[in-house]
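Welcome, and please open the model in your viewer. We will go from stop to stop, selecting a few residues each time and looking at what is there.

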Amino acid sequence: MSDKASLFSRLAQVATNIFTRRYGVLVGTDSLGNRYFRDKRGNSPRAFDARMYKEGRWVIYAGEPEASKVPPEWHAWLHHQTNTVPAADNPLRRSWQIAPQQNLTGTEGAYLPPGHAYRGGHRDAATGDYEAWVPE
């Protein structure tokens, strides 16, 4: 990351922290340590616009900011798909569901299908069940 981008990132984080201290109300924390806030001013900072705007909601990530670290139930709350704040012991989570996983694109753990250039770039031969389309 360049120094300019790093400086911008730090300034944005400071601005978010100041805004959160002034206007934020802590709503909850997820299992990863991310903290979720809502705007204590309600729907809008100005009373005459209240019908036009939704309540401000945001997350402060634990560690590096990465959107894929937000669990599905909190994603739904952040995007106004529900107004119910997720409980710590989420009753909607089923025993067969795996825990949400961070996006691994660009890391060593990223999925690379067979034939990918980073795996040598060699695909298995076609099985013969495909007939190419030929334009007339």
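## First stop: a facing pair

Select phenylalanine 37 and tryptophan 58: the first stands opposite the second, which belongs to strand 3. Before going on, note that this is a predicted model, in which local features need pLDDT of at least 70 and side-chain atom pairs count only at pLDDT 80 or more, while totals for chains, interfaces and linings use all residues. Residues are numbered from 1 along each chain as its sequence is written, and side-chain values use heavy atoms, with hydrogens and water left out.

Now show the two rings. Phenylalanine 37 and tryptophan 58 form a stacked aromatic pair, 6.1 Å from centre to centre with 15° between the planes. Here rings of Phe, Tyr and Trp (its six-membered ring) pair if their centres lie within 6.5 Å; planes under 30 degrees apart count as stacked, over 60 as edge-to-face and the rest as tilted. Phenylalanine 37 is in strand 2 and tryptophan 58 in strand 3, so this pair ties together parts that are 21 residues apart in sequence. Are these two residues buried or exposed? Both phenylalanine 37 and tryptophan 58 are buried, where buried means under 20% relative accessible area, exposed over 50% and partly exposed in between (1.4 Å probe, protein chains only).

Add Phe19 and Tyr23 to the selection: ring pairs link them with Phe37 and Trp58 into a cluster. The count of aromatic pairs comes to five. Then pick arginine 41, which lies over the face of tyrosine 23, at 3.8 Å from the ring centre. The rule for a charge over a ring is that NZ of Lys or CZ of Arg is within 6 Å of the ring centre and within 35 degrees of the ring normal.

## Second stop: the strands

Switch to a cartoon view. The protein has two helices and three strands, in the order α-β-β-β-α along the sequence. Helices (H or I, at least four residues) and strands (E, at least two) are DSSP runs, numbered from the N terminus.

Select strand 1 (residues 24-29): five bridges join it to strand 2, and the two run antiparallel. Two strands pair if DSSP finds at least two bridges between them. One place to look is valine 25, whose bridge partner in strand 2 is arginine 38. The hairpin of strand 1 and strand 2 has five residues between the strands, and there glycine 33 takes a positive phi near 95°.

Move on to strand 2 (residues 35-39), which is joined to strand 3 by four bridges, again antiparallel. Arginine 35 has isoleucine 60 as its bridge partner in strand 3.

In a regular strand the side chains alternate between the two faces of the sheet. Turn on the side chains of strand 3: Arg57 and Val59 point one way, Trp58 and Ile60 the other way, and all are buried.

## Third stop: the largest pocket

Show the surface here. The largest pocket has a volume of about 370 Å³. Of the 12 residues lining this pocket, Gln13, Thr16, Ile60, Tyr61 and Pro65 are the closest to its centre. A pocket is an open set of points on a 1 Å grid over the protein atoms alone, where a 1.4 Å probe fits, with protein on both sides within 12 Å along at least five of seven lines; lining residues have an atom within 4 Å of a point. Grid points are joined across faces, edges and corners, and a volume is the space filled by probe spheres set on the points. Which element gives the most to the lining? Helix 1 does, with five residues.

## Last stop: after helix 2

Select histidine 80, in the segment after helix 2. Its phi is near 60°, a positive value in a residue other than glycine. Finish at proline 100, which is 29 residues from proline 71 in sequence and 5.9 Å from it in space, C-alpha to C-alpha.
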